[in-house]
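Reader: I am new to reading protein models, and I would like to go through this one step by step. Could you show it to me, and then take my questions in turn?

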Amino acid sequence: MAQRAVWLISHEPGTPLCGIVKFSRRYPTVEKRAKVFNGASYVPVPEDGPFLKALLFELRLLDDEKDFLESRDSCSHINKTSIYGLPVGSEELWPVVAFLKNGMIYACVPLVEQTLSPRPPLISISGISQGFELLFGVQDFLSSGQKNDTELNTKLSQLSDLLLQTCPFGTLLDANLQNSLDNINFASVTHPQKQPAWKTGTYKGKPQVSISITEKVNSMQYDKQEIADTWQVVGVVTCKCDLEGSMPNVTISLSLPTNGSPLQDILVHPCVTSLDSAILTSSSIDAMDDSAFSGPYKFPLTPPLESFNLCYYTSQVPVPPILGFYQVKEEEVQLKIAVNLKLHESVKNSFEFCEAHIPFYNRGPITHVEYKASFGQLEVFREKSLLVWIIGQKFPKSMEISLSGTITFGAKNHEKQPFDQICIGGTAYLKKRKSGMLTMLYVFSKLHFRILDYTLTGCYVDQHSVQVFASGKPKISTHRKLISSDYYIWNSKAPAPVTYGSLLLVRCHN
């Protein structure tokens with residue numbers, strides 16, 4: 001007897017979704033058991049958004065669902081048990097226990113320890129009765145002594161810790177949540193909160209919460225069949241919570257769109273009080289599959305006064321945002337270069353800035369440049385032996401741009417020109433000239449760009465999903481941006497750089 005997931009949903013007619021998920025809890029260990037027991041008939045529990053829409057549709061609580069639908073409203077589908085089957089894509093999630101009471105929908109998905117095809121009789125599924133007992137217990141806890149929304153929010157903030165005690169790993173031990181609350185002696189109920197030792201003071205002023213998501217994308221592109229291109233996204237969520245009180249509670253949820261890339265290798269700040277095990281077990285080492293946890297990623301926390309990094313994460317996105325090709329040929333005392341860049345169609349075409357830096361190490365100053373750019377402008381830093389292709393704030397409609405040119409260099413002077421001790425010898429691409437001298441052709445192009453109000457994974461924070469349990473209504477602001485980090489496009493004519501695993505051993509200057 002166990003539950004795969006539990007929800008509390010506030011029914012709010014007139015709003016865009018007609019409801020808001022106030023609380024949800026999933027049990028990954030029970031979900032794995034369901035996959036084994038149900039076999040080919042297994043249907044995964046959907047994310048909160050699709051579940052909310054499907055449940056409100058089945059309960060006929062959507063504002064725009066007034067028409068008769070035979071699959072839901074015919075006499076053969078009269079429901080007398082509060083047990084439903086919800087459409088999930090082309091499949092159906094069953095059984096779902098759900099009922100509406102005083103504007104709140106209580107729902108859960110019991111574990112069925114057998115195949116679902118054909119459907120077993122309800123009386124044989126012990127998890128259903130346990131699910132009703134759990135939901136009635138939660139209902140009693142929320143309704144007892146509730147006088148206003150503040151008290152309701154306080155009780156909702158306690159549910160996460162309470163279910164750890166009363167329903168560990170999805171198995172109900174005690175349906176009397178109020179009794180469990182008294183036993184574990186919540187400080188917020190039994191006595192005034194004391195200032196914790198790690199918090200040096202309290203905030204006084206207008207309440208506000210600021211959340212910023214910054215993603216950095218790394219990429220190594222070689223344009224070679226014998227070595228694969230690599231790319232990865234590394235993200236950080238930074239928060240600043242200006243809230244009154246010694247121990248305010250906040251719940252921040254990170255969400256992904258339907259086609260978003262799951263977050264992996266998540267590390268959280270010590271102020272996070274509890275966490276779904278599925279968040280911690282998602283690793284980039286494991287092979288990706290359809291069952292990978294894709295959110296929402298909920299972080300209940302007691303924030304410090306200062307700005308802090310709520311969490312770090314990585315993600316394997318399907319393609320890099322900008323695909324590049326770079327080629328260098330040496331002809332006498334000149335270098336001929338060709339650069340092609342293509343912005344992927346899924347990426348937001350609105351940059352704060354975008355430019356490509358093309359350095360030439362261990363060479364003399366640039367004495368002459370002839371070039372042709374299909375888009376943007378080229379700046380020449382002669383003494384630094386550096387070309388900077390300024391692309392600007394948008395790619396053209398074709399999403400493709402190119403740069404070609406011929407560069408002539410003067411005599412070397414290590415005091416003025418960039419010199420790299422690493423990019424010589426066995427770690428450089430050396431070509432023997434007719435004079436017997438060795439010339440280094442191991443060059444690369446590095447992209448620098450920033451896109452505001454955009455993340456490559458699609459990760460975002462919905463302002464309405466941020467729950468704050470403190471005095472006053474805070475102003476909530478969210479921001480996100482994508483920044484290039486180590487984004488290199490290597491000379492396709494040169495051998496691949498020396499690597500060990502994913503660690504680049506050739507050091508390259510900015």
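Reader: In this model, are Asp-48 and Arg-26 buried or exposed?
Author: This is a predicted model, so the answer rests on computed accessibility, and a residue counts as buried when its relative accessible area is under 20%. Asp-48 has a relative accessible area of 7%. Arg-26 falls in that class as well, and therefore the answer for Asp-48 and Arg-26 is buried.

Reader: What is the N to O distance in the salt bridge between Asp-48 and Arg-26?
Author: A salt bridge needs a side-chain nitrogen of Lys or Arg within 4 Å of a carboxyl oxygen of Asp or Glu, and the side chains of Asp-48 and Arg-26 meet in such a pair. Asp-48 belongs to helix H2 (residues 48-58) and Arg-26 to strand E2 (residues 19-26), so that this pair links distant parts of the chain, 22 residues apart. The N to O distance is 2.9 Å.

Reader: Which residue in strand E10 has a side chain that meets Asp-48 in a salt bridge, and how far apart in sequence are the parts that this pair ties together?
Author: The second salt bridge of Asp-48 has an N to O distance of 3.8 Å. Its partner lies in strand E10 (residues 297-301) while Asp-48 lies in helix H2, so the pair ties together parts that are 250 residues apart in sequence. The residue in strand E10 is Lys-298.

Reader: Lys-240 and Asp-242 also meet in a salt bridge; which of the two is partly exposed?
Author: The side chains of Lys-240 and Asp-242 meet at 2.5 Å, N to O. Asp-242 has a relative accessibility of 11% and therefore counts as buried, whereas the relative accessible area of its partner is 30%. The partly exposed residue is Lys-240.

Reader: Which residues are joined into one network by salt bridges that share partners, and how many salt bridges are counted?
Author: The shared partners join Arg-26, Asp-48 and Lys-298 into one network. By the distance rule, the count of salt bridges comes to eight.

Reader: Why does Cys-459 form no disulfide with Cys-311?
Author: A disulfide is a covalent bond between the sulfur atoms of two cysteines. The cut-off for the two sulfur atoms is 2.5 Å, but the closest cysteine sulfur to that of Cys-459, in Cys-311, is too far for a bond. Cys-459 is also buried, with 0% relative accessibility. The distance between the two sulfur atoms is 7.5 Å, and the count of disulfides comes to zero.

Reader: Is strand E14 largely enclosed or exposed, and how many of its residues are buried?
Author: Strand E14 covers residues 353-359, and one of its buried residues is Cys-354, with a relative accessible area of 2%. The strand is largely enclosed by the rest of the structure, because the number of its seven residues that are buried is five.

Reader: Which strands pair with E14 in the antiparallel sense?
Author: Five bridges join E14 to a strand that covers residues 444-452, where Phe-449 is the bridge partner of Cys-354 and Arg-450 that of Phe-353. Another five bridges join E14 to a strand of residues 386-390, in which Leu-387 stands opposite Ile-358. The two partners are E21 and E17.

Reader: Which strands are at the edges of the open sheet that holds E14?
Author: The order of the nine strands is E9-E11-E7-E6-E23-E21-E14-E17-E16, and their pairing is mixed. The twist averages 15 degrees from one strand to the next. An edge strand pairs on one side only, and the edge strands here are E9 (264-268) and E16 (377-381).

Reader: With which strand does E12 form a hairpin?
Author: E12 (residues 322-331) has a covered face, which includes Tyr-326 and Val-328, and an uncovered face, which includes Phe-325 and Lys-329. Ten antiparallel bridges join E12 to a strand of residues 334-343, in which Val-339 stands opposite Tyr-326. Two residues lie between the strands, and Glu-332 in the turn has a positive phi of about 55 degrees; the hairpin partner is E13.

Reader: Finally, what share of the residues in the protein chain count as buried?
Author: The protein chain has 510 residues, and it contains eight helices and 25 strands. Its accessible surface comes to about 25800 Å², with 53% belonging to carbon and sulfur atoms. The share of residues that count as buried is 47%.

Definitions and conventions. Residues numbered from 1 in each chain as written. Predicted model: local features only at pLDDT ≥ 70, side-chain atom pairs only at ≥ 80, totals over all residues. Heavy atoms only, no water. Buried < 20%, exposed > 50% of the residue type's maximum accessible area, 1.4 Å probe, protein only. Helix = DSSP H or I, 4+ residues; strand = E, 2+ residues; numbered from the N terminus. Areas by Shrake-Rupley, 256 points an atom, 1.4 Å probe, with all protein chains shown as cover. Pairing = 2+ DSSP bridges. Axes fitted to C-alpha atoms, helices over the stretch in contact; angles between N-to-C directions.
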